[in-house]
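Subject: A structure to look at, with notes

Hello,

Please find below the structure I promised to pass on to you. Take some time to turn it around on the screen before you read my notes, which follow directly after it.

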Amino acid sequence: MHLDIGTSLKAVRKLKGLSQRELAKRAGVTNSTISMIEKNSVSPSVSSLKKVLSGLPMSLVDFFSMEDSGGSEQKVVYRSDELLDIGDGNLDYKLVGRDYPNRAMSVMSETYPPGSDTGEEMLKHEGEEAAMVIEGKFELTVGEEVFILEAGDSYYFNSETPHRFRNPFDENCRIVSATTPANF
C-alpha cells in the first residue's frame, strides 16, 4: 500500500488553504523543498516528511491513511499485509493498529537495511519511545551518546532528546518499537 506523497501533500496543503511558501515557513523548510516533494522530484526521509507535515499540522499516520478510510468495525488483529507502511522507500516502517480510535501509542515493526539512516537531522518530538532489536544490529544516537544495539538489546528514552538511527553494518536490522503519544 503506497501513497503518491507529492500529490497527497499538494492536496492536503490546498485543502488547508496554504501556499507552498506558507507551508515551508510553518514547517521551517525551504520553498523549493515543498515544491520538489510535490513534484515527486525527491523522496523525503521520514524525518523530513514529518517536519513538513508539522506545518499543517498532521501526523504521518493521518497523512498515509488519507486514502484508506476503512469500515467502522474496530479491528483487533492486523495481518502483516494490512500494516500501514509509513517508510520512505529506504526505511521500512510498518505501523500496527493504524485505524484504532484515539491510539495512545504507536507500535511499529521497523527494518533498517545496510547503510540506511533516519537522516542527518536529528529527530525530536514529544513523548517517549522504546524498542527491542529482533535481528541484526544498528547504531542509536541519543543526545551526545552513541550506542550499538544487537539482537535482544533494547532502548527506552525521552523523545524530546535529539536522536537518530543508523545501520552502518552489512545486514538488515529489525526492531519492534513503541512511541507515545501516537505521533506516527
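**Notes on the predicted model**

P181 is found in the segment after strand β9, which covers residues 173-180. The peptide bond that leads into this proline, from T180 to P181, is cis, with an omega angle near -15°. Please keep in mind throughout that this is a predicted model.

A cis bond also occurs between L56 and P57, where omega is near -25°, and P57 has its place in the loop between helix α4 (46-54) and helix α5 (60-64). While you are looking at loops, you may also want to find N40, in the loop between α3 and α4, since its phi angle is near 60°, a positive value in a residue other than glycine. N40 is partly exposed, with a relative accessible area of 42%.

**The annotated domain**

An unreviewed UniProt entry carries the annotation "domain: HTH cro/C1-type" for residues 9-63. In the model, this span is 65% helix and 0% strand, and the C-alpha atoms at its two ends lie 8 Å apart.

**Aromatic rings**

How many aromatic pairs does a search of the whole structure find? The search finds seven. One of them is formed by Y112 and F138, which are stacked, with 5.9 Å from centre to centre and 5° between the planes. This pair links distant parts of the chain, because Y112 belongs to strand β3 (residues 106-112) and F138 to strand β5 (residues 137-142), 26 residues apart. Y112 is buried, with a relative accessible area of 0%, and F138 is likewise buried, also at 0%.

F138 takes part in a further pair, this time with Y155: the ring centres are 6.4 Å apart and the planes stand at 65°, so the pair is edge-to-face. Since F138 lies in strand β5 and Y155 in strand β7 (residues 154-158), the pair ties together parts that are 17 residues apart in sequence. Y155 counts as buried, at 8% relative accessibility. If you follow the ring pairs onward, you will see that they link Y93, Y112, F138, Y155, F157 and F165 into a cluster.

A ring can also have a charge placed over it, as with F169, where the charged end of K137 sits over the ring at 4.6 Å from its centre.

**Salt bridges**

Side chains of opposite charge can pair when their charged atoms come close. The count of salt bridges in this model comes to seven, and three of those pairs are described here.

In the pair of E38 and R13, the closest N and O atoms are 2.6 Å apart. This salt bridge links distant parts of the chain, with E38 in helix α3 (residues 31-38) and R13 in helix α1 (residues 5-15), 25 residues apart. Are these two residues buried or exposed? Both E38 and R13 are buried.

The side chains of R164 and D117 meet in a salt bridge with an N to O distance of 2.4 Å. Here again distant parts of the chain are linked, as R164 is in strand β8 (residues 163-166) and D117 is in the loop between β3 and β4, 47 residues apart. R164 counts as buried, at 15% relative accessibility, and a network of salt bridges links D117, E120 and R164.

K94 and D92 also meet through their side chains in a salt bridge, at 3.2 Å from N to O. K94 is partly exposed, at 24% relative accessibility, and D92 is partly exposed as well, with a relative accessible area of 22%.

**At the surface**

M132, I134 and V176 form a nonpolar patch on the surface, and together they have about 230 Å² of accessible area. I134 lies in strand β4 (residues 128-135) and is partly exposed, with a relative accessible area of 37%.

Finally, P114 has its place in the loop between β3 and β4, and it counts as partly exposed at 39% relative accessibility. The C-alpha atoms of P114 and V146, which are 32 residues apart along the chain, are separated by 18 Å.

With best wishes

Methods
Residues numbered from 1 in each chain as written. Predicted model: local features only at pLDDT ≥ 70, side-chain atom pairs only at ≥ 80, totals over all residues. Heavy atoms only, no water. Patch = residues over 30% accessible without salt bridge, like charges linked within 9 Å, V, L, I, M, F, W, Y side chains within 5 Å. Areas by Shrake-Rupley, 256 points an atom, 1.4 Å probe, with all protein chains shown as cover. Salt bridge = Lys/Arg side-chain N within 4 Å of Asp/Glu carboxyl O. Helix = DSSP H or I, 4+ residues; strand = E, 2+ residues; numbered from the N terminus. Buried < 20%, exposed > 50% of the residue type's maximum accessible area, 1.4 Å probe, protein only. UniProt positions renumbered as here; feature names shortened; annotations may be inferred. Phe/Tyr/Trp six-rings, centres within 6.5 Å; stacked < 30°, edge-to-face > 60°. Lys NZ or Arg CZ within 6 Å of the ring centre and 35° of its normal.
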